[in-house]
Amino acid sequence: MRKIIVTFADAALAPVLSVTRPPMQAYAEKHGYEFSDQVFDSKGRPQAWAKLVAGHHYLQTYDEMLWIDADVLLCDIEEGVS
């Protein structure tokens, strides 16, 4: 089964994604997902609609797509917080 984690950010959220991308990529690798942060054209609609364009694109090739917003920070709670 092919599966992918997808996220992307517009220019305003690009600095945030530079922080959240590495843990997302690590999570994807650990759990057998491919990863993409390719930005899709929202075709004249608000940028949030680009998620639907991405879904249409990836679900033609992948069996499963997991969307994670660019401002989500994944962490391993087993490592604890210092």
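**Exercise 1. Which residues make up the largest nonpolar core?**

*Solution.* The structure under study is a predicted model.

Step 1. Membership. The largest nonpolar core has 8 residues in all: Ile4, Val6, Phe8, Phe40, Ala50, Ala54, Tyr58 and Tyr62.

Step 2. Contributing elements. Strand E1 (3-6) and helix H2 (50-58) are the elements that give two or more residues to this core. The most comes from H2, with 3 residues.

Step 3. The second core. A separate core of 5 residues also exists, and Ile5, Ala28, Tyr33 and Ile68 are among its members.

Step 4. The surroundings of one core member. When neighbours within four places in sequence are left aside, Val6 is in contact with Ser36, Ala54, Tyr58, Met65, Leu66, Trp67 and Ile68.

**Exercise 2. Determine how the rings of Phe40 and Tyr58 are arranged, and explain what their pairing ties together.**

*Solution.*

Step 1. The search. Over the whole structure, 3 aromatic pairs are found.

Step 2. The geometry. The rings of Phe40 and Tyr58 are 5.6 Å apart, centre to centre, with 80° between their planes. An angle over 60 degrees counts as edge-to-face, and the pair is accordingly given that label.

Step 3. The positions in sequence. Phe40 belongs to the loop between strand E2 (34-36) and H2, whereas Tyr58 is in helix H2; the pair therefore ties together parts that are 18 residues apart in sequence.

Step 4. The environment. Both Phe40 and Tyr58 are buried. Together with Tyr62, these two residues form one aromatic cluster.

**Exercise 3. Identify the rings over which Arg2 and Lys3 lie.**

*Solution.*

Step 1. Arg2. Its charged end sits over the ring of Tyr62, 4.3 Å from the ring's centre.

Step 2. Lys3. This residue lies over the face of Tyr33, and the distance to the ring centre is 4.5 Å.

**Exercise 4. Compare the expected span of helix H1 with the distance between its ends, then describe its kink and its buried residues.**

*Solution.*

Step 1. The expected span. Helix H1 covers residues 14-30, which is 17 residues. The rule takes 1.5 Å times one less than the number of residues, so H1 should span 24 Å.

Step 2. The comparison. The end C-alpha atoms of H1 are 24 Å apart, in agreement with the expected span.

Step 3. The kink. H1 has a kink of about 40° at Thr20, shortly before the proline Pro22.

Step 4. The buried residues. Leu17, Thr20, Met24 and Ala28 are the buried residues of H1. An α-helix has 3.6 residues a turn, so residues three or four places apart point the same way. E1 and E2 are included in what covers the buried residues of H1.

Step 5. The residue after the helix. Gly32, just after H1, takes a positive phi of about 80°.

**Exercise 5. Is Thr20 buried or exposed, and which residues does Thr20 touch?**

*Solution.*

Step 1. The cut-off. A residue counts as buried if its relative accessible area is under 20%.

Step 2. The value. The relative accessible area of Thr20 is 4%, so Thr20 is buried.

Step 3. The contacts. Not counting residues up to four places away in sequence, Thr20 touches Ala70, Asp71, Val72 and Leu73.

**Exercise 6. Describe the chain as a whole.**

*Solution.*

Step 1. The elements. The chain has 2 helices and 3 strands, and along the sequence they follow the pattern β-α-β-α-β.

Step 2. The extent. Along the principal axes, the C-alpha atoms fill a box of roughly 45 × 35 × 15 Å.

Step 3. Burial. The chain has 82 residues, of which 26% count as buried.

Step 4. Contacts. Among contacts between residues at least 6 apart in sequence, 70% join residues at least 24 apart.

Conventions:
Residues are numbered from 1 along each chain as its sequence is written. This is a predicted model: local features need pLDDT of at least 70, side-chain atom pairs count only at pLDDT 80 or more; totals for chains, interfaces and linings use all residues. Side-chain values use heavy atoms; hydrogens and water are left out. A nonpolar core is a set of buried Ala, Val, Leu, Ile, Met, Phe, Trp, Tyr and Cys residues joined through side-chain atoms within 4.5 Å. Buried means under 20% relative accessible area, exposed over 50%, partly exposed in between (1.4 Å probe, protein chains only). Helices (H or I, at least four residues) and strands (E, at least two) are DSSP runs, numbered from the N terminus. Contact means heavy atoms within 4.5 Å. Rings of Phe, Tyr and Trp (its six-membered ring) pair if their centres lie within 6.5 Å; planes under 30 degrees apart count as stacked, over 60 as edge-to-face and the rest as tilted. A charge sits over a ring if NZ of Lys or CZ of Arg is within 6 Å of the ring centre and within 35 degrees of the ring normal. The bend at a residue is the angle between axes fitted to the seven residues ending there and the seven starting there.
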